[in-house]
Amino acid sequence: MKISAAILALTVASATAFAPSAPSVVSKTTLFGGAGNMDPVDPTMNGIDANLGYDAFDPTSGDSPAVSRNNAGGVWVKQRARPRRNRKSAGVRAMVRENIVTPANFIYPLFIHEEDHNTEIVSMPGCQRHCEESMMKEIGEALELGVKAFVLFPKVDDALKTNLACEAYNPEGIVHRSIRMIKAKYPEAIVCTDVALDPYSDQGHDGVVENGVILNDITVNQLCKQAVSQARAGADIVAPSDMQDGRVKAIRDALDSEGFTNVSILSYTAKYASAYYGPFRDALDSHPGFGDKKTYQQDPANGREALIEAALDAEEGADMLMVKPGMPYLDIIRRLKDASDLPIAAYHVSGEYSMLKAAVEKGWLDEKDVVLETLTCFKRAGADIILTYYAKQAAQWMKEDGLY
């Protein structure tokens, strides 16, 4: 496809938000004056190779020189369009920046449990299972930094888990009580809830199981109960993550029939059967009791399938569409963005988070730079919403940098 020169120049020249600046490294071969105590560079470059002891190629010589000379005799590449002009200073880069991430784009996932203390999640350094007091404190601090939305994931006591996952819609369950607490103290907070049975299932699956098979329609029946109970507790957004067929329509109809027409559905539209979920399952103690989730979550090898799911979810009443995981599936985010007018969410999942943490602990990556770059990549790919365990920390970094 032929792209106009103007569009190409703008695309190449425009910078992206939060691109990390490389450490200043002064080298003897640097051609930029002002770095360290280096001598000025002669723009004519005349005689610089005279004492090398061998013949060096001169790009300015010959009948077809690769490099020309300007009116002052300096070496000159005859290039009118110079994309670097739009990168020459922080001010110019900010002026032409295409994608900007702010804390308002984040949904902050929080793990909660019934204990009166926090528990560290070993496979997710920096994350904890929060007690009620800690959850409220974390939300209050995040709100002050501009993070407005939160999604709750419960660690449920094994004694409460059953195949039918009835605890999922207990109005006095941990999620329902937490919703009421949050909305009572922070009515401005956007509370999202996970609609799936796996935290409450003694089988460790997202649905009801019979003879090793996840029962689609029976599961959807239970999910409707769960979603309505969460709406009654005050949830602003319900997010079905189960990947059962037809669940968005059923949940939309259930909510509407109970008067919750303003409760939004953030559908896990393209949720892949990924190996990146391990740390999350550690956090909730919700590893599958048998087999895997490949009969209902998408095959990582498939891209077009996500478009089928997106079309169905939109038709069934979803308000927002999610891709999970995030970074390995940027192509899917872009496909959904191009195919749908609905807002697109990306989930920066536990495995992605933990990989960054491990590299940072080894000293291999600068945490701030790589996290902000990662979040910007989601936005550039087409995500309007980003679920990330780094939400609060990233918001703090943004505030310190004066980015909002």
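Arg 232 is exposed in this predicted model, with a relative accessible area of 56%. Its side chain meets that of Glu 258 in a salt bridge, at 2.9 Å from N to O. That pair is a good place to start a tour that goes on to other salt bridges, two helices with a buried side, and the nonpolar core. In total, the structure holds 21 salt bridges.

**Salt bridges that join distant parts of the chain**

- Let's stay with the opening pair: Arg 232 belongs to helix α5 (residues 216–233), while Glu 258 lies in the loop between α6 (247–257) and β11 (264–271), and the two are 26 residues apart.
- Is Glu 258 buried, exposed or partly exposed? Glu 258 is partly exposed, because its relative accessible area of 40% falls between the limits of 20% and 50%.
- Another salt bridge joins Lys 337 and Asp 384, whose closest N and O atoms are 2.9 Å apart.
- This second pair also links distant parts of the chain, 47 residues apart: Lys 337 is in helix α9 (residues 330–339), and Asp 384 is in the loop between α11 (367–381) and β14 (385–388).
- Both partners are partly exposed, Lys 337 with a relative accessible area of 28% and Asp 384 with 26%.
- You can also look for a network of salt bridges, which links Lys 137, Glu 138, Glu 141 and Lys 392.

**A buried lysine: Lys 357**

- Lys 357 sits in helix α10, and its side chain meets that of Glu 367 in a salt bridge of 2.8 Å from N to O.
- Glu 367 is in helix α11 and Lys 357 in helix α10 (residues 350–361), so here the salt bridge links two helices, through residues 10 places apart.
- Why does Lys 357 count as buried? Its relative accessibility is 16%, and buried means under 20%, so Lys 357 qualifies.
- Beyond its neighbours within four places in sequence, Lys 357 is in contact with Pro 125, Glu 367 and Tyr 390.

**Helix α6 and its buried face**

- The buried residues of α6 are Arg 247, Val 248, Ile 251, Arg 252, Ala 254 and Leu 255.
- Looking down the axis of α6, you would find these buried residues within an arc of 165°, so they line one face of the helix.
- What do the buried residues of α6 pack against? Their partners are the strands β7 (190–195), β10 (237–240) and β11, together with the helices α5 and α8 (304–316).
- Just after α6 comes Gly 259, which takes a positive phi of about 90°.

**Helix α9 and its meeting with α11**

- In α9, the buried residues are Leu 330, Ile 332, Ile 333 and Leu 336.
- These residues cover an arc of only 160° around the axis, so they are on the same side of α9.
- The face turned away from that buried side carries the exposed residues Asp 338 and Ala 339.
- The cover over the buried residues of α9 includes β11, α8, β12 (320–324), β13 (344–348) and α11.
- The axes of α9 and α11 come within 8 Å of each other and cross at roughly 35°.
- At this meeting, Leu 330, Ile 333, Arg 334 and Lys 337 are the residues from α9, and Cys 377, Phe 378, Arg 380 and Ala 381 are those from α11.
- Sorted by kind, the residues of this contact are 5 nonpolar, no polar and 3 charged.

**The nonpolar core**

- The largest nonpolar core has 99 residues, and those touching the most other members are Phe 106, Phe 150, Ile 251, Leu 255, Ile 333 and Tyr 347.
- You have already met some of these names: Ile 251 and Leu 255 are among the buried residues of α6, and Ile 333 is one of those of α9.
- Leaving out residues up to four places away in sequence, Ile 333 touches Val 323, Gly 326, Ile 344, Ala 346, Phe 378, Ala 381, Gly 382 and Ala 383.

**A buried cysteine: Cys 131**

- Cys 131 lies in the loop between β5 (128–130) and α3 (132–144), and counts as buried at 9% relative accessibility.
- Not counting residues up to four places away in sequence, Cys 131 touches His 113, Glu 115, Asp 116, His 117 and Asn 118.
- The C-alpha atoms of Cys 131 and Gly 326 are separated by 28 Å, and the two residues are 195 residues apart along the chain.

Terms used. Residues are numbered from 1 along each chain as its sequence is written. This is a predicted model: local features need pLDDT of at least 70, side-chain atom pairs count only at pLDDT 80 or more; totals for chains, interfaces and linings use all residues. Side-chain values use heavy atoms; hydrogens and water are left out. A nonpolar core is a set of buried Ala, Val, Leu, Ile, Met, Phe, Trp, Tyr and Cys residues joined through side-chain atoms within 4.5 Å. Buried means under 20% relative accessible area, exposed over 50%, partly exposed in between (1.4 Å probe, protein chains only). Contact means heavy atoms within 4.5 Å. A salt bridge is a side-chain nitrogen of Lys or Arg within 4 Å of a carboxyl oxygen of Asp or Glu. Helices (H or I, at least four residues) and strands (E, at least two) are DSSP runs, numbered from the N terminus. Axes are lines fitted to C-alpha atoms, for helices over the stretch in contact, and angles run from 0 to 180 degrees between N-to-C directions. Ala, Val, Leu, Ile, Met, Phe, Trp, Tyr, Cys and Pro count as nonpolar, Asp, Glu, Lys and Arg as charged, and the others, Gly among them, as polar. The arc is that of the directions from the helix axis to the C-beta atoms.
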